[in-house]
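Okay, everyone, thanks for coming. Let me put the structure up and then talk you through one part of it.

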Amino acid sequence: MKRFIKYIAVALMLVATLGLSSCGEKKAEEKIKVVSIDGVKGSFSNGWRVTLTIENKTGYNIRIRNANLFLKFNGHKFANLALTNGVKLPRRSTTQIEVPIKTSLSASLSTLKMLGQIKKHDFKGITADYSVTVSAMGIKRTFDGSDISFKDVAQKLKAKIKNLKL
């Protein structure tokens, strides 16, 4: 169970930074990226803290104000992750930050089936919807995405995880 939580907790921040680049500009993807996922601590009751190293090559301090990630299994929502406090990405720097995340799982048989799949590293049928609100220079924007393959997200995470056993 804890293995699954680590995957979905780090996925929220990865998807949030992907959301920053989803405005269609390839340059944004190169300027803001998750360099590594350095640790995950926490529990369901107290929430999770994900330690990330993020590179912001832009000339702007960026604040991720809100971020929500809904995971779906065969089209049915089974997990929700939400950023509990805003996160600031300092301009022109590579910074290690702690991201506070609250998670909730539905209590259904499909959730149990999905947990078994993830344990086997089988992400078939798992997709994500997200919404991220960011601000920079007094301008606030919301980015949304839906039905993103969790398999693709997991493959991107695999290269960025340091010393975590998922």
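Let's start at Phe70, which sits in strand S3. Keep in mind that this is a predicted model. So, is Phe70 buried, exposed or partly exposed? Its relative accessibility is 28%, so Phe70 counts as partly exposed, given that buried means under 20% and exposed means over 50%.

Who does Phe70 touch, once you leave aside the neighbours within four places in sequence? The contacts are Lys77, Ala79 and Asn80, and then Thr127, Ala128 and Asp129. Take Thr127: Phe70 and Thr127 are 57 residues apart in sequence, yet their C-alphas are 8.4 Å apart in space.

That takes us over to strand S7, where we find Thr127. Strand S3, residues 62–73, runs antiparallel to S7, and 10 bridges join the two. If you want a spot to orient yourselves on screen, look at Asn66, which stands opposite Thr133 in S7.

Now, S7 has a partner in S8 as well. S7 pairs with strand S8, residues 139–149, again in the antiparallel sense, over 9 bridges. Here you can use Tyr130, which stands opposite Gly145 in S8. And how many residues lie between the strands in the hairpin of S7 and S8? There are 2, and in that hairpin Met137 takes a positive phi near 55 degrees.

How covered is S7 itself? Mostly: of the 11 residues in S7, residues 126–136, 9 are buried.

Let me pick out two residues from that strand. Back to Thr127 for a second. Thr127 has 19% relative accessibility, so it counts as buried, the cut-off being under 20%. Leaving aside neighbours within four places in sequence, Thr127 is in contact with Phe70, Leu71 and Lys72, and also with Asp147, Ile148, Ser149 and Phe150.

The other one is Asp129, also in S7. Asp129 is buried too, because its relative accessible area is 14%, and under 20% is what we call buried. The side chains of Asp129 and Lys72 are joined by a polar contact of 3.2 Å. Beyond its neighbours within four places in sequence, the contacts of Asp129 include Asn68, Leu69, Phe70 and Lys72, plus Gly145, Ser146 and Asp147.

One general reminder while you rotate this: in a regular strand the side chains alternate between the two faces of the sheet.

So, to wrap up: S7 pairs antiparallel with S3 and antiparallel with S8, and Phe70 in S3 touches both Thr127 and Asp129. Okay, over to you.

Terms used
Residues are numbered from 1 along each chain as its sequence is written. This is a predicted model: local features need pLDDT of at least 70, side-chain atom pairs count only at pLDDT 80 or more; totals for chains, interfaces and linings use all residues. Side-chain values use heavy atoms; hydrogens and water are left out. Buried means under 20% relative accessible area, exposed over 50%, partly exposed in between (1.4 Å probe, protein chains only). Helices (H or I, at least four residues) and strands (E, at least two) are DSSP runs, numbered from the N terminus. Two strands pair if DSSP finds at least two bridges between them. Contact means heavy atoms within 4.5 Å. A polar contact is a pair of N or O atoms within 3.5 Å; within protein, one must be able to donate a hydrogen and the other to accept it, and residues adjacent in sequence count only if both atoms are side-chain atoms.
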